[in-house]
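Q: Please take a close look at one part of this structure: the aromatic rings. I am new to it, so set the scene as well.

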Amino acid sequence: MNRITITIDGKAVETTEGSTILEAALAAGIYIPHLCHSPGLKPYGACRMCIVEIEGMRGMPSSCTTAATDGMVIRNDVEQVNKVRKMTCEMLIADHPLTCLTCQANQDCELQTLSSYLGIQESRLRRMTRDPKPEKDESNPFYTRDLDKCILCGNCTRACHELRGVGAIEISGRGYRSRVAAFGDAPVLESNCVSCGECVDRCPVAALTAKKETVPPSAFTITTCIYCGVGCGLSLGTRSNKIVQVLGDKESIVNRGSLCVKGRFGLDFVSSEDRLTTPLIRRNGQLEEADWDEALGFVAEKLKAIKEEHGSDALAGLSSAKCTNEENYLFQKFFRAGLGTNNVDHCARLCHASTVAGLARAFGSGAMTNSIDELEYADCILIIGSNTTEAHPVLALKIKAAVRSHGATLVVADPRRIEMTQFASLHIRQRSGSDVALINAMLNVIIEEKLLNEEFINSRTEDFDKVRECVADNTPEWAEPITGVAAEDIRTAARAYATAQRSSIVYSMGITQHTTGTDNVLALANLAMLTGNVGKESTGVNPLRGQNNVQGACDLGALPNVYPGYQKVDDAEIHDKFEAAWEATLSDQPGLTVTEIINAAAEGDVKGLYVMGENPMLSDPNLNHVKEALESIDFLCVQDIFLTETARLADVVLPAVSFAEKDGTYTNTERRVQRVRKAIDPPGQARADWKILCALAGRMEYPMAYEHPSEIMDEIADVTPIYGGISYPRIGKVGLQWPCPDKDHPGTVFLHEGEFKRGKGKFHPTPFRAADEEPDSDFPLLLTTGRYLYHWHTRTMTSRTEGLEQICPPVPVEIHPEDAAREGITEGATVEVSSRRGTIHANAVVTERSPLGTVFMAFHFHEGAANTLTNDAIDPIAKIPEYKVCAVKIKAAADRPAEIGAI
Amino acid sequence: MSPLLLFSPDAAPFFSRTIKGMLYYSAAIRRLCDHGGTFVKEQLNEIFERCDGAPSDLIPILQDIQDVLGYLPREAMTETARFLNMAETSVYGVATFYTQFQLSRPGRHRIKVCHGTACHVRGASEITKAVAAKLGIGPGETTDDFEFTVEAVACFGSCALAPVMVVNDKVYGNVTPERVVEILEDLN
Ligand code: SF4
Ligand code: SF4
Ligand code: SF4
Ligand code: FES
Ligand code: FES
């Protein structure tokens, strides 16, 4: 980009070619009045406040729509310009309520700034009131719309259409009756608004205000969102030890200020009354308050006793994808070095174990190959098994932008008609569990039609012939009856993917949570290698990780078979390295996975279980089985911020702190290590997880002592090559993407450039296998599970935000109209859903979002826990359970259990 | 590379919905299917088939819908948004911007009472009152049985005949409250 210089009121301002005069001025700290300008939105030129005089040009053009050119001489703060601005402003103010003193936007209002800048004292125009005075729209639980204060700048509507791709509101009517309206002037809650709050953030006045943000914060802390793997930068406004405002961090590369409803409005859990504030010990069957000394002593004693009596492998630990990198590192170090077992795992087993297994086999690294930002510039994007807008909302914005601003072709392969299909050129509705057949058929088409990249295959990969042979018969016609997708659509999808310049694959749990999970991932890797779409910008195989720090928990070795940085526990050299580094004797046997731990507990082989920040009582498949296992175990210790379903069964509960109360780092789905910063003090005696672990280790004769998480990170860097160059000062504002092997390495935006991590990319043949449990005459419907935008996992956090509960009350089950009609189920009716493993109640939502023969449930709700129904059959390699397919039947229920609210 | 296929008109609308929104949506589609006793969806499809789905088709489509149905039902706007792959609010924004578009279902008979200066001076408000007394509705309203819609309009350009009332495009001049009753009764 060329640098150019312009002059504003005699001051030289440097800027890049292509920016507008207004942008240049604001960047240089010069105020040009403006109301309808908002960063990232297309110039609008409606308010006429930003007018300036430009030498050599006639009239007063608006600086927000005029590009700066080299040598331009601009007059901004001069009398003749301000006079015109003043008149325009007075007209705006004529019908604006002058209630600044009691206005929520007081001191944070562009109109105030403007009128004080222009020296407006008393409107010379006659005061007008709008007739009829617009009523406030209070329908949305998170924000209020008061159109009486609206100045029609269009920032909100443009943000909603341009940035979010939602389009819930638009300026409607004309002239004096112009107004911001949802469709049909309905209350905004009835519209398709997703409550992201982008419009609230961008309203220059108090026409849109967040309900909870009634007082201005006294401090801001830049940190990282706790919910999903996108890892949006947050700016937490705090006051009197409370979060009073949440904004997106405008400087974050990940989200550039945008957030979704959970990040912006869903943090009420931090100051919830239900937070654990003291340790609890079970006495006579009851959990009773205790102090730290007693609780830690008790835990240490129990762990020691079990270790001595039954050996180290009778202990197991579930680490947490919600905790920081440092905490995950300490947790596995404590288990491996302190207790002597590799029985450490966490919920990644339940979401992306097949990714880690599959991509590591094919490429040598189990992480997202490319970065979030690159998606915007892909020419073709294949989304398969990812409900992107609900599970990774801010990342979905990049895909929407790719389609709408850059004309990318989007192919969505998902049984459900998810929102992303609205942006797609092609929607493929494969039957749940038939992904391998679909992908193999695409491979077949690409090979048959010679759309493959031979040069890439020859120079960078091996074993292609095995795949060629494997898919030779997998024609689209073969796949059609298996997948339920027309052969022609499979061809179209294959051609689109193979012929585009840069094609990206985006996938998530729809791919991984199958008994064929690893095969699904391998098949996608085959697809990428076949067409050379890996190892360059805007391509790749991109698993979207669910939890905010599931990537980090895996990276830092909260897995039974690897130390931090995916270094194998059964590799003698590595084993010796860690024995030396940790000064302890380590086991060289890979430990048990989550599902195996639960089974071992049920069988009595695992006697003591330590759970940090996880809730297997809702998240694991076949819940009745989990419950039996946890009830039968000798000793269960749970460290969490709430008394979760799992904590209720514990012998000891240790109160931990939330992300807002501690320092640390998270690693988001694109391998970016980002800071979490302490914004407020924890409630009661709650302690950061890393401090609890250190204290406990001290009592177990394995001292771990650190003053600050940054010291832990330094230790991580020493023993973990991919984190080798990472340190707190370097992470700074925008984070650092691993692999980052040394202190001078800038981090890695995309993997496998020039060479795969494992040397050559390896093709793996993936013959099609059917799902473990298919619908039959007893259980005729297929149940697939997933998430809603408004909730997070087991709802431990989101159920503490009233508005989220209001928008998405428990427990919906989505069913196709024809299936509903056959079973005599009407909309909103309470139904019983049963599988071979259990029965739950839910409210029927009759919708074509669900394909015929398939019902959908989210796993968030303990009131009707979908995982009571799911099958715990596992993928043989990755040991991930088949959450996405099981057979159920559904029938109208006699009555509605009280905990399931009516909808 | 350009998009491959036209957006399938069968697919869901442009947007995601909350559960509540989904309920509303399917209810709306059902209402649409038997709106006014006719199967509107087919009529809409006929209109859609005539165009190629470019955003510039929006206004012609809305005009056609209004020609066929007499107004723009909400559900028809939703379907149009679906067809053109745009946000339904964008359709709504355009529909409310142009005064030619009618957003509520009009009565079978449209009664327009002039309130221009000349008519005002010569007793237009008495006329409106007489209409209200007879039909029970004021300007901008429609009777529950969708027989009559009353509107107040500005000058028809027939000031010499003031006060003026127009019923279904037929102009009545020099009307009196008594005449109003007769005219309205004749309509039935
Ligand atoms: S909250 Fe988000 S989706 Fe809703 S109107 Fe505002 S910008 Fe649009
Ligand atoms: S509501 Fe706010 S952002 Fe939207 S048009 Fe009005 S003043 Fe502008
Ligand atoms: S998209 Fe994910 S990281 Fe971003 S605000 Fe939402 S939940 Fe948080
Ligand atoms: S900011 Fe330029 S016209 Fe509004
Ligand atoms: S004023 Fe009524 S016709 Fe002109």
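A: The aromatic rings come first, then the chain around them, then some backbone details. This is a predicted model, in which local features need pLDDT of at least 70, side-chain atom pairs count only at pLDDT 80 or more, and totals for chains, interfaces and linings use all residues. Residues are numbered from 1 along each chain as its sequence is written, chains are lettered from A and ligands numbered from 1 in the order in which they are written, and side-chain values use heavy atoms, leaving out hydrogens and water.

Start with the rings. A pair of aromatic rings is described by the distance of the centres and the angle of the planes. Here, rings of Phe, Tyr and Trp (its six-membered ring) pair if their centres lie within 6.5 Å; planes under 30 degrees apart are stacked, over 60 edge-to-face, and the rest tilted. Over all chains, the structure holds 25 aromatic pairs. Take F363(A) and F756(A): their ring centres are 5.1 Å apart and their planes meet at 20 degrees, so this pair is stacked. The pair links distant parts of the chain, 393 residues apart. F363(A) sits in the loop between helix 10 (353-362) and strand 16 (380-384) of chain A. F756(A) sits in the loop between strand 29 and strand 30 of chain A. Helices (H or I, at least four residues) and strands (E, at least two) are DSSP runs numbered from the N terminus. F363(A) and F756(A) are both buried, meaning under 20% relative accessible area; over 50% is exposed, and in between is partly exposed (1.4 Å probe, protein chains only).

Chain B has a stacked pair too. F48(B) and F83(B) lie 4.5 Å centre to centre, with 5 degrees between the planes. F48(B) belongs to helix 2 (residues 40-49) of chain B and F83(B) to helix 4 (residues 74-84) of chain B, so the pair ties together parts 35 residues apart in sequence. F48(B) and F83(B) are buried.

Back in chain A, ring pairs also join Y227(A), F269(A), F659(A) and W792(A) into a cluster.

Now the setting. Chain A has 29 helices and 36 strands. Its radius of gyration is 29 Å, close to the 29 Å that the globule rule gives for 903 residues, so chain A is as compact as a globular protein of that length. That radius is taken over C-alpha atoms, and the rule is 2.2 Å times the number of residues to the power 0.38. Along the principal axes, the C-alpha atoms of chain A fill a box of roughly 90 × 70 × 65 Å. Buried residues make up 65% of the 903 residues in chain A.

The loop that holds F756(A) has another detail. P739(A) also lies in the loop between strand 29 (736-737) and strand 30 (761-762) of chain A. A cis peptide bond joins W738(A) to P739(A), with omega about 0 degrees. The bond from P810(A) to V811(A) is cis as well, with omega near -10 degrees. V811(A) is in the loop between helix 28 (802-807) and strand 32 (812-815) of chain A.

Two residues have a positive phi without being glycine. S538(A), at about 55 degrees, is in the loop between helix 19 (517-530) and strand 21 (541-543) of chain A. At 2% relative accessibility, S538(A) is buried. R671(A), at about 70 degrees, is in the loop between strand 27 (664-667) and strand 28 (672-676) of chain A. R671(A) is buried at 0% relative accessible area.
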